[in-house]
Amino acid sequence: MIREYTSDCVHCGFCLPTCPTYVLWHEEMDSPRGRIHLMDAQLDGTIKLNATVAQHFDRCLGCMACVSSCPSGVRYDRLIESTRAVVEEEVLRSVGDGFVRGLLFRVLPYPARMRVALDLAAVGRALPLPKRLRPLVDVAPPWRGEGEVARVTPAEGTPRARVGLLTGCVQRAVFSDVNAATARVLAADGFEVVAPPQGCCGALSVHAGRLEEGRRFASRLIGAFEDVELVVVNSSGCGSHLKELGWLLGDDRAESFAEKVRDVGELLAEARPRASRHPLPATVALQDSCHLRHAQRLPLASLASLGRIPGLEVVEPAEQDLCCGSAGIYNVVQPDAARELGDRKASHVLATGAQALVSANPGCLVQLSQALRRARRPLPALHPIELVDASIRNVGAGRLLSSARR
């Protein structure tokens with residue numbers, strides 16, 4: 001399968017200026033083209049897949065900016081996920097790296113465990129932890145999600161569709177208020193919202209090369225949404241993963257499920273609003289997420305719904321195509337590169353003069369909020385759907401921004 005995709009690459013180099021790690025280091029082996037060379041060489045047997053080679057695959061953020069820029073249509077997304085699965089099977093990790101990765105996947109897919117871990121992280125910040133463990137507590141956000149979404153949220157007026165809401169893992173533990181806002185907005189615009197009991201979708205596992213684990217999570221998730229017309233996702237990394245389930249699982253059931261998946265911004269852009277939008281006079285910096293912009297090919301997917309809010313001004317930070325450094329577990333396992341990218345992106349957000357940071361992916365909000373705190377200029381961090389919800393409920397800009405997470 002890997003060879004099938006590497007043969008599409010003509011080594012033109014259009015991907016180089018779009019790749020975050022190449023931009024940072026200007027190292028060929030840390031570019032998409034260079035990594036494809038390594039994949040081919042490993043398949044040919046001219047190099048051995050050892051820790052030195054594997055580190056170049058580990059350093060890839062999986063942001064898929066190269067997919068957007070490639071004139072040959074190389075499926076680098078599938079290439080890097082398949083290659084990482086081989087790395088996980090064949091390369092012996094160091095004790096510290098193996099411990100951290102194992103710990104992450106015993107915690108992140110399980111919201112109850114994650115809540116406990118977040119509480120422990122607050123204690124850990126005051127302790128002299130080993131350098132390898134420090135990113136685990138540094139990246140943990142200081143806020144917590146509150147409340148749960150009802151199993152069923154009835155539509156206002158005549159229902160236009162019955163949709164399922166992916167409540168997620170990180171989203172449920174850290175951003176459950178985003179889930180609540182999503183359900184309220186969809187219901188106000190005429191959708192009946194169903195939030196069935198569900199587990200992890202498997203996105204984090206697949207992104208890290210744990211394909212079989214990701215497949216198990218995804219297979220279980222499909223069964224939870226069999227009686228809905230669409231599946232709405234408010235976490236763009238999860239959305240891009242779920243839209244690829246036909247390839248990942250290789251069956252018609254998964255393909256049918258993938259066709260039902262919609263990003264919430266994508267859905268609201270297509271649907272005529274029913275609920276009135278009240279003024280929300282504020283200027284917000286919309287940081288596009290990589291998995292919307294590149295993987296799903298939905299740049300600024302939430303802009304249409306934000307544009308319907310009277311008084312709201314949306315500005316874009318510079319270098320929108322460049323990843324912020326979150327990328328699943330990247331900011332824990334590659335903390336130095338993630339920090340450099342996060343600080344670079346935070347400086348662009350601050351340069352806009354916006355009153356708040358807005359992004360449609362939880363990892364981006366966590367990563368950039370951390371970088372803004374390091375810069376001693378924290379901003380309210382909001383998901384676009386929270387702005388739409390505040391406008392519908394007539395909360396007011398002052399109240400929304402003063403109460404938002406930072």
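Helices (H or I, at least four residues) and strands (E, at least two) are DSSP runs, numbered from the N terminus. The model is predicted: local features need pLDDT of at least 70, side-chain atom pairs count only at pLDDT 80 or more, and totals for chains, interfaces and linings use all residues. Residues are numbered from 1 along each chain as its sequence is written, and side-chain values use heavy atoms, with hydrogens and water left out.

**Exercise 1. Describe the overall size and make-up of the chain.**

Step 1. Count the elements: the chain has 24 helices and nine strands.

Step 2. Take the extent. The C-alpha trace spans about 65 × 50 × 40 Å along its principal axes.

Step 3. Test the radius of gyration, which is taken over C-alpha atoms; the globule rule is 2.2 Å times the number of residues to the power 0.38. For 406 residues a compact globule would have a value near 22 Å, and the chain, with 21 Å, agrees with this.

Step 4. Look at burial, where buried means under 20% relative accessible area, exposed over 50% and partly exposed in between (1.4 Å probe, protein chains only). Of the 406 residues, 60% are buried.

Step 5. Look at contacts, meaning heavy atoms within 4.5 Å. Among contacts with a separation of 6 or more, 76% come from residues 24 or more positions apart.

**Exercise 2. Check the length of helix α3 and find what surrounds this helix.**

Step 1. The expected span of a helix is 1.5 Å times one less than its number of residues. Helix α3 (residues 32-44) has 13 residues and should span 18 Å; its end C-alpha atoms are 18 Å apart, so the two agree.

Step 2. List buried residues of α3: among them are P32, I36, L38 and M39.

Step 3. Find the cover. The elements over these buried residues include α1 (2-6), α2 (20-25), α4 (51-58), α5 (65-69) and α6 (76-90).

Step 4. Read on past the helix: G45 follows α3 and has a positive phi, near 85°.

**Exercise 3. Compare the backbone and exposure of H11 and H26.**

Step 1. Recall the background. Most residues other than glycine have a negative phi.

Step 2. Take H11, in the loop between α1 and α2. H11 is not a glycine, yet its phi is positive, about 60°. Its relative accessibility is 31%, so H11 counts as partly exposed.

Step 3. Take H26, in the loop between α2 and α3. Its phi is also positive, near 55°. With 58% relative accessibility, H26 counts as exposed.

**Exercise 4. Work out the order of the five-stranded sheet and the helices that pack on it.**

Step 1. Two strands pair if DSSP finds at least two bridges between them. The sheet is open, with the order β1-β3-β2-β4-β5 and mixed pairing.

Step 2. Its edges are β1 (152-153) and β5 (261-263), each of which pairs on one side only.

Step 3. Inside the sheet, β2 (residues 161-165) and β4 (residues 230-233) are parallel and share three bridges. G164 has V231 of β4 as its bridge partner.

Step 4. Add the helices, with angles from 0 to 180 degrees between N-to-C directions and axes fitted to C-alpha atoms, for helices over the stretch in contact. Helix α11 (residues 176-188) touches β1, β2, β3 (191-194) and β4, and its direction makes about 150° with that of β3. Helix α16 (residues 252-260) touches β4 and β5, and makes about 30° with β5.

**Exercise 5. Decide whether strand β6 is enclosed or open, and name its partners.**

Step 1. Five of the five residues of β6 (residues 282-286) are buried, so this strand is largely enclosed by the rest of the structure.

Step 2. A282, V284 and L286 point one way, while T283 and A285 point the other way.

Step 3. β6 runs parallel to β7 (residues 312-315), with four bridges; A282 is partnered by L312 of β7.

Step 4. β6 also runs parallel to β8 (residues 356-358), with three bridges; A285 is partnered by L357 of β8.

**Exercise 6. Locate the nonpolar cores.**

Step 1. A nonpolar core is a set of buried Ala, Val, Leu, Ile, Met, Phe, Trp, Tyr and Cys residues joined through side-chain atoms within 4.5 Å.

Step 2. The largest core has 79 residues, of which L104, V163, L186, L382 and L387 touch the most other members.

Step 3. Follow L382: leaving out residues up to four places away in sequence, its contacts include L357, V358, L387 and L400.

Step 4. A separate core of 47 residues includes L49, V53, V74 and A254.
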